[in-house]
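Work through these exercises with the structure open. Each task is followed by a solution in steps.

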Amino acid sequence: MGFKTPLHSWQVDDSVYVLDQVSDAIFEFDLDGDFVDLFVNASGVDNMKSIAYHNGLFYVPNGGANNDAPEDAIIVFDVATKANLGSFNGSIVNFSPQHTFVYNDELYVTDGG
């Protein structure tokens with residue numbers, strides 16, 4: 001599996017994570033640029049848009065419902081274990097999450113809907 005549409009990257013400690021929207025994957029690389037592992041590989045995600053990191057967790061906006069993914073939601077991953085911890089969407093009508101970022105310990109999400 002290779003890159004199709006890499007959209008966003010994030011460094012955590014000695015790893016760089018690259019989110020690919022079309023591949024439905026998050027690739028992990030070391031700081032030398034060598035491939036380490038697939039952090040996420042299609043299962044439970046579809047049409048991811050970005051990554052925000054805070055307190056050991058990734059917050060990933062998800063747009064599609066393929067691969068048993070929650071449509072139009074934020075999926076939460078534990079970075080240390082790579083576990084999918086579930087998702088939320090705030091029960092917002094016509095919510096289309098695009099980008100996430102953390103500021104002053106609060107998660108912000110842009111809506112493209």
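**Exercise 1. Decide whether Y17 is buried or exposed, then find its ring partner.**

Step 1. The model is a predicted one. Y17 has a relative accessible area of 5%. Buried means under 20%. Y17 is therefore buried.

Step 2. Turn to the aromatic pairs. The count comes to 10. In one of them, the ring centres of Y17 and F39 lie 5.4 Å apart, with the planes at 75 degrees. Planes over 60 degrees apart count as edge-to-face, so the Y17 and F39 pair is edge-to-face.

Step 3. Place the two rings in the chain. Y17 belongs to strand 2 and F39 to strand 4. They are 22 residues apart, and the pair links distant parts of the chain.

Step 4. Check the partner. F39 also has a relative accessible area of 5%, so F39 is buried.

**Exercise 2. Classify the ring pair of Y53 and F58, and the burial of each residue.**

Step 1. The ring centres of Y53 and F58 are 5.8 Å apart. Their planes stand at 75 degrees, so this pair is edge-to-face.

Step 2. Y53 has 27% relative accessibility, so Y53 counts as partly exposed. F58 has a relative accessible area of 0%, so F58 is buried.

Step 3. Extend the picture. Ring pairs join Y17, F39, Y53, F58 and F77 into a cluster.

**Exercise 3. Work out which strands form the sheet of strands 1 to 4 and where its edges lie.**

Step 1. Read the order. The four strands run 1-2-3-4 in an open sheet, with antiparallel pairing.

Step 2. Find the edges. Strand 1 (6-12) and strand 4 (35-41) each have a single partner strand, so one side of each lacks a neighbour in the sheet.

Step 3. Add the twist. Neighbouring strands are turned by 20 degrees against each other on average, direction ignored.

Step 4. Follow the bridges inward. Strand 2 (residues 15-20) is joined to strand 3 (residues 25-30) by six bridges. Here Y17 stands opposite E28. Strand 3 is joined to strand 4 by five bridges. There E28 stands opposite D37.

Step 5. Look at the turn. Four residues separate strand 3 from strand 4 in a hairpin. G33 in that turn has a positive phi of about 90 degrees.

**Exercise 4. Do likewise for the sheet of strands 5 to 8.**

Step 1. This sheet is open too, in the order 5-6-7-8, with antiparallel pairing. Its edge strands are strand 5 (52-54) and strand 8, each pairing on one side only. The twist averages 25 degrees from one strand to the next.

Step 2. Six bridges hold strand 6 to strand 7. The bridge partner of P61 in strand 7 is I74.

Step 3. Strand 7 (residues 73-78) pairs with strand 8 (residues 84-88) over four bridges. F77 stands opposite N84.

Step 4. Strand 7 and strand 8 make a hairpin with five residues between them. K82 in the turn has a positive phi of about 65 degrees.

**Exercise 5. Find the residues with the most contacts inside the largest nonpolar core, and the elements that supply two or more of its residues.**

Step 1. Start from the general rule. In soluble globular proteins, nonpolar side chains tend to be buried together.

Step 2. The largest nonpolar core has 14 residues. Y17, I26, F39, I51, F58, V60 and F77 have the most contacts inside it. Strand 2, strand 4, strand 6 (57-62) and strand 7 each give two or more residues to this core.

Step 3. Take V60 as a case. Its contacts beyond four places in sequence include L19, I26, M48, I51, I75 and F77.

Step 4. Another core lies apart from the largest one. It has five residues, among them A52, L57, Y59 and I74.

**Exercise 6. Describe the setting of T100.**

Step 1. T100 is found in strand 9 (residues 97-103). Its relative accessible area is 6%, so T100 is buried.

Step 2. List the polar contacts of its side chain. The side chain of T100 reaches the backbone nitrogen of A52 at 3.3 Å. The T100 side chain also reaches the backbone oxygen of Y59, at 3.1 Å.

Step 3. Add the wider surroundings. Beyond four places in sequence, T100 touches residues including S50, I51, P61, I74, L107, Y108 and V109.

Methods
Residues numbered from 1 in each chain as written. Predicted model: local features only at pLDDT ≥ 70, side-chain atom pairs only at ≥ 80, totals over all residues. Heavy atoms only, no water. Pairing = 2+ DSSP bridges. Axes fitted to C-alpha atoms, helices over the stretch in contact; angles between N-to-C directions. Buried < 20%, exposed > 50% of the residue type's maximum accessible area, 1.4 Å probe, protein only. Polar contact = N/O pair within 3.5 Å; in protein donor to acceptor, adjacent residues only side chain to side chain. Contact = heavy atoms within 4.5 Å. Phe/Tyr/Trp six-rings, centres within 6.5 Å; stacked < 30°, edge-to-face > 60°. Core = buried A, V, L, I, M, F, W, Y, C linked by side-chain atoms within 4.5 Å.
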